[in-house]
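This report introduces a single structure to a reader who has not met it before. It takes up charged pairs, surface exposure and a few individual contacts in turn.

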Amino acid sequence: MILIGRLARRAIIHMAAALAASNLWLGHTVIVDCINPWDMTRRIFADAAKRADAGLLGVETRCSDLNLHRARVEERDIDVPGLCKPDWQDVLARDYTPWATADVQIDTAKMGVADAVSEIRRHL
């Protein structure tokens, strides 16, 4: 498994935000689907949207049922060559700060995909 440090992850977030902003400037709609673990990285995307004079809808998805979350992690198929599947200990050890100010919070233990999509669309 490739392990990258916090500074490297921050640089990757800056690159992703720059790509998002450039596409927003071109008039495209942008959806960034990533683990956005800290307030600092969330601000990077918010600043990119602001620079592009675009709106931002922050969505945090989580699974409040630890047994269900663990089963999903362990049963997940990885179809990206070279991408290593995290184990449950990797997930528990992940450095993540809950996003209390997200515009939309989805708990996948309580809401299915169709309802989650409807909830997100309601906020657009």
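A residue is called buried when its relative accessible area is under 20%, exposed when that area is over 50%, and partly exposed in between. The structure shown is a predicted model, and the descriptions below should be read with that in mind.

**A salt bridge within helix H2**

With a relative accessibility of 41%, Asp 39 falls between the two limits and therefore counts as partly exposed. Its partner in a salt bridge is Arg 42, and the closest N and O atoms of the two are 3.1 Å apart. Both residues belong to helix H2, which covers residues 39-51. They are 3 residues apart, about one turn of the helix. Arg 42 has a relative accessibility of 6%, so this residue counts as buried.

Arg 42 has a further neighbour: it lies over the face of Tyr 96, at 5.4 Å from the ring centre. As for pairs between aromatic rings, a search of the whole structure finds 0.

Helix H2 also holds Thr 41. This residue is buried, because its relative accessible area is 0%. The side chain of Thr 41 makes a polar contact with the side chain of Asn 36, at 2.6 Å.

**A network of salt bridges**

Side chains of opposite charge can pair when their charged atoms come close. In the model the count of salt bridges comes to 5. Another of them joins the side chains of Arg 62 and Asp 107, with an N to O distance of 3.8 Å. Arg 62 lies in strand S1 (residues 59-62) and Asp 107 in strand S2 (residues 104-107), so this pair ties together parts that are 45 residues apart in sequence.

Asp 107 also meets the side chain of Lys 110 in a salt bridge, at 3.9 Å from N to O. Arg 62, Asp 107 and Lys 110 are thus linked in a network of salt bridges. How exposed or buried is each member of this network? Arg 62 is partly exposed, with a relative accessible area of 40%. Asp 107, at 9%, counts as buried, and Lys 110, at 69%, is exposed.

The salt bridges described above are listed here with their distances.

| Acidic residue | Basic residue | N to O distance |
|---|---|---|
| Asp 39 | Arg 42 | 3.1 Å |
| Asp 107 | Arg 62 | 3.8 Å |
| Asp 107 | Lys 110 | 3.9 Å |

**A nonpolar patch and a residue of helix H1**

On the surface, Ile 78, Val 80 and Leu 83 make a nonpolar patch of about 240 Å². Ile 78 is placed in the loop between helix H3 (66-75) and helix H4 (88-93). Its relative accessibility is 32%, so Ile 78 counts as partly exposed.

Ala 11 is found in helix H1, which spans residues 6-25. With a relative accessible area of 36%, Ala 11 is partly exposed. Ala 11 and Pro 37 are 26 residues apart along the chain, and their C-alpha atoms are separated by 14 Å.

Key. Residues are numbered from 1 along each chain as its sequence is written. This is a predicted model: local features need pLDDT of at least 70, side-chain atom pairs count only at pLDDT 80 or more; totals for chains, interfaces and linings use all residues. Side-chain values use heavy atoms; hydrogens and water are left out. Helices (H or I, at least four residues) and strands (E, at least two) are DSSP runs, numbered from the N terminus. Buried means under 20% relative accessible area, exposed over 50%, partly exposed in between (1.4 Å probe, protein chains only). Patches are made of residues with over 30% relative accessible area and no salt bridge: like charges are joined within 9 Å, nonpolar side chains (Val, Leu, Ile, Met, Phe, Trp, Tyr) within 5 Å. Accessible areas come from the Shrake-Rupley method with a 1.4 Å probe; for residues, only the protein chains shown count as cover. A salt bridge is a side-chain nitrogen of Lys or Arg within 4 Å of a carboxyl oxygen of Asp or Glu. Rings of Phe, Tyr and Trp (its six-membered ring) pair if their centres lie within 6.5 Å; planes under 30 degrees apart count as stacked, over 60 as edge-to-face and the rest as tilted. A charge sits over a ring if NZ of Lys or CZ of Arg is within 6 Å of the ring centre and within 35 degrees of the ring normal. A polar contact is a pair of N or O atoms within 3.5 Å; within protein, one must be able to donate a hydrogen and the other to accept it, and residues adjacent in sequence count only if both atoms are side-chain atoms.
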